[in-house]
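Biologist: I should like to understand how the terms used for a structure follow from its values. May we look at one together and take the terms in turn?

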Amino acid sequence: MTADLTESDSFFADIRALLAARRHRVAIRRLKEGAPRGVTRDRLLGLAYVGHRAPTTGLLHLRRALAVAPDDAEVAQALALAHQAANAPFDAVRWFERLARLTPNAPGIAAALAGAYRRDARYRDALALADRAIARGVSDLDTLFERATCLACLGRDDDALAAFHALLAVDPEHAAGWFGSHAQAMHRHGADEALRRLRRATRCGGANGKYWAFICALLLLTGRTAEAEAVAVEQIGDNPKRRPLVDGVRALLPHLAPDHRLFGSSGRLLRHAVAQATTPGLVLEFGVRRGTSLEHIADAAGQEVHGFDSFEGLPEGWVNTPAGVLTTGRQLPDVRPNARLHVGWFDDSLPPFLAAHPGPVRFVNIDSDIYSSARTVLTALADRFRPGSVVVFDEYIGNHSWREDEHRAFQEFVAAHRVAYDCFAVSPFTKQVAFRIRAIGGAA
Ligand SMILES: C[S@@+](CC[C@H](N)C(=O)[O-])C[C@H]1O[C@@H](n2cnc3c(N)ncnc32)[C@H](O)[C@@H]1O
C-alpha cells in the first residue's frame with residue numbers, strides 16, 4: 001500500500017462500502033492491514049470502531065484525525081456519535097454543536113443537536129432548537145419527537161400530549177410516539193387510555209418489545225391480575241429486557257397503599273408526593289443536575305428546599321456508564337429563590353448541613369441513581385425520618401440492575417431501622433416510586 005493513497009482511491013471506497021453495510025469488523029481488519037497512517041485511516045478507523053460499539057477506541061482515532069483536520073465534518077459527526085454511544089452526553093453536546101456549525105443545513109442536524117441537548121438534560125435548549133427548526137419549516141419525525149419528549153421532560157404535560165399527537169398525525173405508526181403519549185395520557189385520560197396507547201405501540205412496525213413490560217406493570221398496578229398474568233406468560237417470560245420492570249412492580253405490590261396513584265410524568269408525581277408529605281421538616285433533593293426536578297419540588301413545597309449535588313456526575317461507574325456520567329461540568333443550574341444548592345459529594349456536604357439544620361425530614365427525593373449514593377443519604381438521614389416523612393426514588397423500578405441499586409439501599413435501610421412504609425405513587429415510565437414512612441425504630 002503506497003503512502004500517497006487518497007480518499008478517492010478504490011481501497012477507501014471499498015472500506016466505505018463495508019461501513020455502509022455495517023461490516024465494521026472487516027473494515028477495521030482491512031484498514032489495519034492495508035491503509036497507510038494518516039487522517040483518512042484514522043477517520044475511517046474511528047467510524048468503524050464507533051459502529052463496532054467500541055467508542056473508546058474509536059475516539060482515539062478520531063481525535064488523531066481531528067488534530068490534522070479540525071474542520072472535518074465527518075470527524076465531528078463521528079466524535080459526536082462516539083460520545084453519545086459512550087454515554088457521555090455532556091461531551092457529545094460539544095461535538096454536535098461543532099457539527100451544526102460546520103454543516104448548519106445538513107438534513108437532520110436540528111433533531112440530532114436537540115437530541116444531544118435532551119440527553120444532557122438541557123430540555124429548554126432542545127425545545128427552543130426544535131421550535132426554531134419547525135418555524136423554519138423543518139418537520140421531520142425526529143424533530144417532532146424531540147419536541148414532544150422535551151415538553152414531557154419539562155413537565156409541560158398537556159403541551160407534550162399535543163406534541164405527541166402532532167407527531168402521530170404525521171406518522172400513525174410511530175411506536176415511540178405512542179409509547180411517549182401513553183405516559184402523558186395517563187394523568188389526563190387515566191390508566192385504561194394509557195394501556196390502549198401502549199397496546200397500539202406494540203402493533204407498530206419495529207415496536208420495542210419492552211412495551212409489553214409496561215402493559216404488564218400497569219395491569220398489575222391497577223389490580224387486573226388475571227390479565228397481567230396472561231401477558232406475563234405470553235410476552236414477558238424470562239426476557240431480560242422485559243422482566244426487570246415486571247419484577248420490580250411485583251416487589252411493590254405488597255406495599256401499595258389503598259389510595260396509591262399512577263403517574264407517567266416525573267413532575268406530577270413529585271408534586272403529588274410533596275403534597276402528601278405533611279409532617280413538617282426539611283425538604284431535600286439528592287441529585288440536582290440541571291435542576292429540573294428541584295424546580296417542581298421547590299414550587300410545590302411552599303418552604304425552603306435544599307438540593308445536593310457534586311455537579312460532577314456519578315462518583316462511580318453504573319452498569320455500562322463510566323464514573324462522571326451526568327456531569328454538568330460543575331455548572332450550577334438556575335433555581336427558584338426558595339432553593340439552596342449544596343455543592344459536593346454527599347458524604348462531604350451532608351454532615352455539616354445536618355449539623356446546621358436540626359429537625360426531621362418532611363420530604364426527600366433521591367435521584368442519584370447508584371446504590372452507594374442512596375445508602376449514604378438514607379444512613380445520614382436515618383434519625384431524621386418520622387412517621388409521615390416521604391421518600392421518592394427516581395430509579396427504583398425498571399432498570400436491569402434495579403435489585404442492586406436504590407431498591408437495595410432502601411431495603412437495607414428498612415431492615416436496619418425497623419421501618420414500616422407504604423407506596424403511594426408509582427410511575428413505571430419514569431421509574432419513580434414514592435414511599436410514605438408509617439413507622440420507624442418502633443415509633444408510629
Ligand atoms: C440523574 S441526575 C439528577 C437528575 C435531576 N434530579 C433532574 O431532575 O434532572 C443524578 C445526579 O446525582 C449526582 N450524584 C450522584 N451521586 C452523588 C454523590 N454521591 N454526591 C454528589 N452528587 C451525586 C450526579 O452528579 C448527578 O447530577
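Modeller: Let us begin with a definition: a polar contact is a pair of N or O atoms within 3.5 Å. Please bear in mind that this is a predicted model.

Biologist: What makes the pair formed by Phe346 and the ligand a polar contact?

Modeller: A backbone N or O atom of Phe346 lies 3.0 Å from a nitrogen atom of the ligand. The cut-off is 3.5 Å, so this pair is a polar contact.

Biologist: Which other residues have an N or O atom close enough to a nitrogen atom of the ligand to meet that cut-off?

Modeller: Ser310 is one of them, with a backbone N or O atom 3.1 Å from a ligand nitrogen. Ser373 uses its side chain instead, where an N or O atom is 2.8 Å from a nitrogen atom of the ligand. Both values are within 3.5 Å, therefore both pairs are polar contacts. As for cover, the ligand taken alone exposes 600 Å², and the protein buries 93% of that.

Biologist: Which residues come nearest to the ligand, and how is its shell made up?

Modeller: There are 20 residues around the ligand, of which Gly287, Ser293, Asp309, Asp367 and Ser373 come nearest. The shell divides into seven nonpolar, eight polar and five charged residues.

Biologist: Why is Ser368 called buried?

Modeller: Ser368 has a relative accessible area of 6%. Buried means under 20%, so Ser368 qualifies. Ser368 is found in the loop between β5 and α19. Leaving aside neighbours within four places in sequence, its contacts are Phe286, Leu314, Phe346, Ser373, Ala374 and Glu406.

Biologist: How do you know that Gln184, in helix α11, is buried?

Modeller: Its relative accessible area is 1%, which is under the 20% cut-off, so Gln184 is buried. Not counting residues up to four places away in sequence, Gln184 touches Ala152, Asp157, Ala160, Leu161, Phe164 and Gly264.

Biologist: What span is expected for helix α5, and what does the model show?

Modeller: Helix α5 covers residues 73-85, which is 13 residues. At 1.5 Å a residue, 18 Å is expected, and α5 reaches 18 Å from its first C-alpha to its last. Its buried residues, including Val75, Leu79 and His83, pack against α3, α4 and α6.

Biologist: What is found at the two ends of α5?

Modeller: At the start, a side-chain oxygen of Asp72 reaches to within 2.9 Å of the backbone nitrogen of Glu74. After α5 comes Asn87, with a positive phi near 55 degrees.

Terms used: Residues numbered from 1 in each chain as written. Predicted model: local features only at pLDDT ≥ 70, side-chain atom pairs only at ≥ 80, totals over all residues. Heavy atoms only, no water. Helix = DSSP H or I, 4+ residues; strand = E, 2+ residues; numbered from the N terminus. Expected span 1.5 Å × (residues − 1). Buried < 20%, exposed > 50% of the residue type's maximum accessible area, 1.4 Å probe, protein only. Contact = heavy atoms within 4.5 Å. Polar contact = N/O pair within 3.5 Å; in protein donor to acceptor, adjacent residues only side chain to side chain. Near = heavy atom within 4 Å. Areas by Shrake-Rupley, 256 points an atom, 1.4 Å probe, with all protein chains shown as cover. Nonpolar A, V, L, I, M, F, W, Y, C, P; charged D, E, K, R; others polar.
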